Amino acid sequence: MSPTQGRPGPSEHETVGAYALGILDDAEATAFEAHLATCEWCAQQLDELAGMEPMLAALADLPGAGTPDIGDSLSAKPSPRLVNKLVDEVAERRAQKRRRGFYLVAAAAALIVGGPFVAVATNGDSGGGGTEGNRTVQAANPAKELFTGIENKVTGTDATTGVTATVGLSEKLWGTETGLELKGVKGPLKCSMVFVSKDGSRETAASWSVPKWGYGLPDAKTEQARNPLYVSGGVAMSPDKIDHVEIIDFDGNKLVQVDV
């Protein structure tokens, strides 16, 4: 397979790194740009390595780099071995950032699935559904499944707001995993589930929006409003450190407190 059809060989890898660092002479740069026009791999790598030029300033502090002034440091040509090291380090750091971004997106998606899917449930057993052929396919509701699977649950009801919250607590090595069942809440509203420790510290386990029709309202006209809301989340504090859990709106008003 030719370099333009797959991963290029070591010399071309060094060339894309050197080009990104701006250390090729005019002839070398022109030759590489001609190659770049037909090589998708090099184009992708160049995009990944964009913005590396400022790292050249750090070369003056490396062993064996001499003591050039600031202007000379930008024109000094590091060895291919050093170029490769810089390229690999930056590529790995950017890959780590992409992985962290993916985990954050996945966590946000889990919360979204745990909330709005319940809002369209028709019988409280699933988070919505569709059709496949002549049969109905029910979509899974991860937040409700998590809540149902937790044995340790505590419940609280606020006489003023009419909101009832049942909180499931599952001890993990990293802290506490939680599942929430919320009833009697009217919208539109934005809420958070806040864990309060015995020493008074606070951690937010999850946040969500309540649509205008609300959740867990027994006298509501639609089933989606009669069904409770299920939310999943987690905090760093262990269950034995938790004093109580608060469901509050974004204005700081407490809707219900659940003592642990």
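Visitor: Between which strands does the loop with Pro188 lie?
Guide: This is a predicted model, where local features need pLDDT of at least 70 and side-chain atom pairs count only at pLDDT 80 or more, while totals for chains, interfaces and linings use all residues. Residues are numbered from 1 along each chain as its sequence is written, and side-chain values use heavy atoms, without hydrogens or water. Helices (H or I, at least four residues) and strands (E, at least two) are DSSP runs, numbered from the N terminus. On that numbering, the loop holding Pro188 lies between β5 (175-183) and β6 (189-197).

Visitor: What is omega at the peptide bond that joins Gly187 and Pro188?
Guide: Most peptide bonds are trans. The bond joining Gly187 and Pro188 is cis, with omega about -5°.

Visitor: Which residues of helix α2 are buried?
Guide: Buried means under 20% relative accessible area, exposed over 50%, and partly exposed in between (1.4 Å probe, protein chains only). Helix α2 spans residues 26-36. Its buried residues are Ala29, Phe32, His35 and Leu36.

Visitor: How many degrees of arc do those residues cover around the axis?
Guide: An α-helix has 3.6 residues a turn, so residues three or four places apart point the same way. The arc is taken over the directions from the helix axis to the C-beta atoms. The buried set sits on the same side of α2 because its arc is only 120°.

Visitor: Which residues are exposed on the other side of α2?
Guide: The buried side holds Phe32, among others. Opposite it, the exposed residues are Asp26, Ala27, Thr30 and Ala34.

Visitor: How far apart are the C-alpha atoms of Ala18 and Ala29?
Guide: Ala18 sits in helix α1 (residues 10-21). Its relative accessible area is 9%, so Ala18 is buried. Ala29, in helix α2, is buried too. The two are 11 residues apart along the chain, and their C-alpha atoms are separated by 9.2 Å.

Visitor: What does the count of disulfides come to?
Guide: A disulfide is a pair of cysteine sulfur atoms within 2.5 Å. Cys39 is buried at 1% relative accessibility, and Cys191 is buried at 0%. By the distance rule, the disulfide count is zero.

Visitor: How many salt bridges does the structure hold?
Guide: A salt bridge puts a side-chain nitrogen of Lys or Arg within 4 Å of a carboxyl oxygen of Asp or Glu. One of them pairs Lys172 with Glu177, closest N and O atoms 3.6 Å apart. Another pairs Glu181 with Lys183 at 3.9 Å. The total is four.

Visitor: Which residues are linked in a network of salt bridges?
Guide: Lys254 and Glu246 meet at 3.7 Å, N to O. Lys254 is partly exposed, with a relative accessible area of 38%. Glu246 is buried at 8%. The network links Arg202, Glu246 and Lys254.

Visitor: Leaving aside its neighbours within four places in sequence, which residues is Ser238 in contact with?
Guide: Ser238 is in the loop between β8 (229-235) and β9 (242-249). Its side chain makes a polar contact with that of Asp240 at 2.4 Å; a polar contact is a pair of N or O atoms within 3.5 Å, where within protein one must be able to donate a hydrogen and the other to accept it, and residues adjacent in sequence count only if both atoms are side-chain atoms. Contact means heavy atoms within 4.5 Å. Beyond those four places, Ser238 is in contact with Gly175 and Thr176.
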